[in-house]
Amino acid sequence: MRLHTLTLQAFGPFAGTHTIDFDTLTADGLFLLHGDTGAGKSTVFAGVCFALYGDPPDRKPPTLRSHHADRDVLTQVTLEATIGGRRVRIVRIPQQMRPKRNGKGETEQKPETFLSYWAPGPGAEGKWEPVSKSHKEASDEIEALVGMNRPQFCQVVLLPQNRFTAFLRAEPVERRELLGELFHTDRFAAIEQWLTGHASGLDKECQAARGDVLRLAERIQQAAGPDLEPHQGAPVPQDPRTIGTAMAWAQRLLEAAAVAGEEHAAAAADAKAALDQARAALDKARELAQQQTAHLDAGTALELLAEQTDHIDTLRARREAARRAQHLVPLLHAVDTATTAHARAQDTETARRAALPADHADLTTADLKAAEQQTRAEHAVLEQLLPEEATVADLTTELKRIDEERRQYEQDLADARSWLQSAPADRAALDKRLTDAQAAQAQSEQHAAALDLLERRCQAAERRDTHLAAVTTAETRLVTAQAATAKALQHYITVRQQRTDGMAAELAGTLQDGQPCPVCGSSTHPQPAAPHPGQPTRDDELAAETNHQTADHAERAATRTLQDARELAAAATGEAGDTPLAELRSQHKTLAEEHAQALSNAADAGPATEELATLQIRQADMTQQEAHATAGLAARDSSYDLYHRRKTELEDKLTAARGTASSIQARIDDLLKQADRLNTAADASRATHEAATLLAEHTATAEQAAPTHGFDTPQEAAQALLTDPELTAIDDDITQWQRDRAAHETTRNDPALAAAAAQPPADTDSAEAAVTRAETAHTNASAQAHAAATRQTDLAVLTDDLTAHVTRLQPLERDHALADHLATLAAGTSPSNTVRMQLESYVLAARLEEVVDAANTRLHLMSEGRFTLSHSDAKAARGARSGLGLRITDAWTGHPRGTETLSGGESFFASLSLALGLADVVTQESGGNPLDTLFIDEGFGTLDEDTLHKVLDVLDSLRAGDRTVGVISHVTELRRRIPHRLHVRKHTGGSTLTLLTENTE
């Protein structure tokens, strides 16, 4: 990567627009950024980092905008550079407040990013081609070109003020965190986690398999029962060795259960034989009891049948009388039929006479026929007047039609005159509607554009509010995480200090009589130190350290979440502004209503034009309608008078003829109905007389036949009649009585029953009690035999299951032992890992050796061969992790020592050498993309003059590979050694940048 130009506008301490020409500044390969403290030297590199990655180096909540800048000047950074062989231009505008374009006040400017590539043209021509405007997309593209992320870039390209010395003196844990981030070794940490999880999973499977074996053993003990003494030799959780003998133990119980089963089966067979004998005795007692009961029941039944003899005789007499009455049934039926017909004829005659007028109700049959003939003669006279009544109806209809036409002509005339009077006003109203609709059409087009813009602002405001809420939540979580980290760190420091203070007691705990003390070498230990109450152990210290690391990772994750939420909120706010969402929705609703109203008003243009054309046609029609209605009304008045006189004459004639009826036809209908009623009444009178004659004849015949069959009157014969079901029921009762008497006499006379009755009463209760006792004994014996057989079967199944689970457990334990060994080996906790080095630390140790080799090349020159860095994988003290230690060897003494013993100047060039070596290795690791520009921020003030010259000589050597080194320092000596300089001056109105060379100075 080679920088060409950097333009800072209203950025940091720089109020105006300042452009740095790196092509000129780096022409000599080495340049100096100098100026007063606080002038903004480090801001130049911050601008480069912000242009590339969208964040400054420290990624704290940035205050990028200059407080000295004018309100109308936007904060903006533009960088042109060649990265990965391509020339790019990056323009970034951070989130900031800017004046509103319309109105007063401020609004939030959303962050913007513009990435372009230079496309060469013919000759020296060319142009910038836009690639992306997306903030994230541009950052991903730049990161791919550079080959490293922002933390790597800041560690490799910028050697920041006082921070690279911290790496030299850092603890292995801290050094591991930085190296892991630079070299992306988290995959090896993932392998450690997988191995640990795999071992844990196998351990759970082993525990589950052991648990299955123990649970099966418990079930076998329960199935065996206490009589087999299953607790003897049973597997127990406290002694895993007993699991190996579980199969032999289960087999012993199975054999004992088989012996017990045979014994219970023999006892059950004996009980079954005793039960069969008792049941045979019970059957004999029950048979004797049944015979005695049958003989007694037969005697009792015969006594009851003898009591029913009188009732049977009565049934026989009723049956005989009913059979004699059957001969008179036809005559009795004829009398009943004639009686019914006579009563029906009387009812019919009464009903027909009730329908007649009072003066006709009591007439004889002949008088009723005469009255009918007179009524029909009057009907014939009235039928001749029916045509004249129809003529009156026709005249009435015609008069009604003429009157309706007169009213219609009157209405048409009034409507035409009224319309012609209001036509001028209607025309004026239509002209105004057309003008208003045309104005509304123009207004609706303006509202549509405004609505589209307001809709986008509402959507952005919804996102803004969501992201702001996420920011609040993330801030709360960050505060909680920071407190947890601080608390965990304090706890770790306290535990570590307490363990250090009690280290003598911890060492004393390992002393043994006759063995030398590791501190003093004495083999006698008269007064070993005693531990303090609550003395922390190594595991306590490791647990506190792990807790602190977990809390620190959680804090970093919370910080990243907060930054992402703020970026999203800033982007949404830049689009939506500061206006609340509810107000924007209210504005949108109001504008939408106005737009809808404008569209509704504009839609009236077409109807208004059509209504104007219709109005002209309507006016011509109404003028013609007025003339036609005037002529028609005069003709209808003349016709109405003529028809009215004719109708009056005919109505007077018909009124006299119809009497009280509503019409001539109604009068004719009344006369026809009256004649019909007279006719039916005469017929009913004649039918009643004929029915009475027939009834008298049938009654006389029945009275003559009744004495010949033993009855005094026909009514007596009718009472003796029985229906077929009644006769059948009497026959069945008599027959059943006879059969019951014969059956019971046969039973009482049976010799076997008589012999049984002569014996003493049967004792079934004693026999049943004996059977009950035998059944109880058999049930108990059978239950015990069944339980023994079931136990034997269950034990056989459980023994097979136990054998299968024990067989499955053995390979699981072997797999778990192997997995646990690998997991502890990778985690550095296995005794086989003598240096307690984790897998990730092992990989990083190899990278660190490469970094140390590259650093020693430059350290040898700076220290004139005195100092040499070396990587140490020695086992750390107090159980700490090993593998990432650094030592420095002083050639003057020949002894290695800790890097923390170096002086300030020695630490500077040693850490500078280490940082340069780290930059070389990371560059190679990231894909080999050359980093042609390097910044070194401060630290030169700790060097004496000779050492400073040696350091500068090393930096000069970097130019041999076409690399440019920028030194950020305020040391005066550097101004004399480095001719190309960028001078940063601070003023009350903001800092300025000035490019200086030997010629300009």
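**Exercise 1. Determine which strands helix 3 lies across, and at what angle it runs to strand 8.**

Solution. Start from the helix itself: helix 3 covers residues 135–146, helices being DSSP runs of H or I of at least four residues and strands DSSP runs of E of at least two, numbered from the N terminus. In this predicted model, local features need pLDDT of at least 70 and side-chain atom pairs count only at pLDDT 80 or more, whereas totals for chains, interfaces and linings use all residues. Residues are numbered from 1 along each chain as its sequence is written, and side-chain values use heavy atoms, with hydrogens and water left out. Next, list the strands: helix 3 lies across strand 4, strand 5, strand 8 (112–120) and strand 9. Finally, take the angle: helix 3 runs at about 50 degrees to strand 8, where axes are lines fitted to C-alpha atoms, for helices over the stretch in contact (heavy atoms within 4.5 Å), and angles run from 0 to 180 degrees between N-to-C directions.

**Exercise 2. Work out the strand order of the open sheet of six strands, and find which strands are at its edges.**

Solution. The order is 2-1-4-5-8-9, with antiparallel pairing; two strands pair if DSSP finds at least two bridges between them. The edges are strand 2 (14–21) and strand 9 (126–132), each of which pairs on one side only. Within the sheet, seven bridges join strand 1 (residues 2–11) to strand 4 (residues 76–83), and L8 has V77 of strand 4 as its bridge partner. Helix 2 also packs on this sheet, touching strand 1, strand 2, strand 4 and strand 5 (86–93), and its direction makes about 100 degrees with that of strand 1.

**Exercise 3. Explain why the salt bridge between R319 and D731 ties together parts that are far apart in sequence.**

Solution. First establish the pair: the closest N and O atoms of R319 and D731 are 2.8 Å apart, and a salt bridge requires a side-chain nitrogen of Lys or Arg within 4 Å of a carboxyl oxygen of Asp or Glu. Then place the residues: R319 lies in helix 9 (residues 309–325) and D731 in helix 19 (residues 724–748), so the pair joins parts that are 412 residues apart in sequence. Lastly, consider accessibility: D731 has 25% relative accessibility and therefore counts as partly exposed, the class between buried (under 20% relative accessible area) and exposed (over 50%), with a 1.4 Å probe and protein chains only. As a further case, R866 and D890 meet in a salt bridge (2.8 Å, N to O), and both residues are buried.
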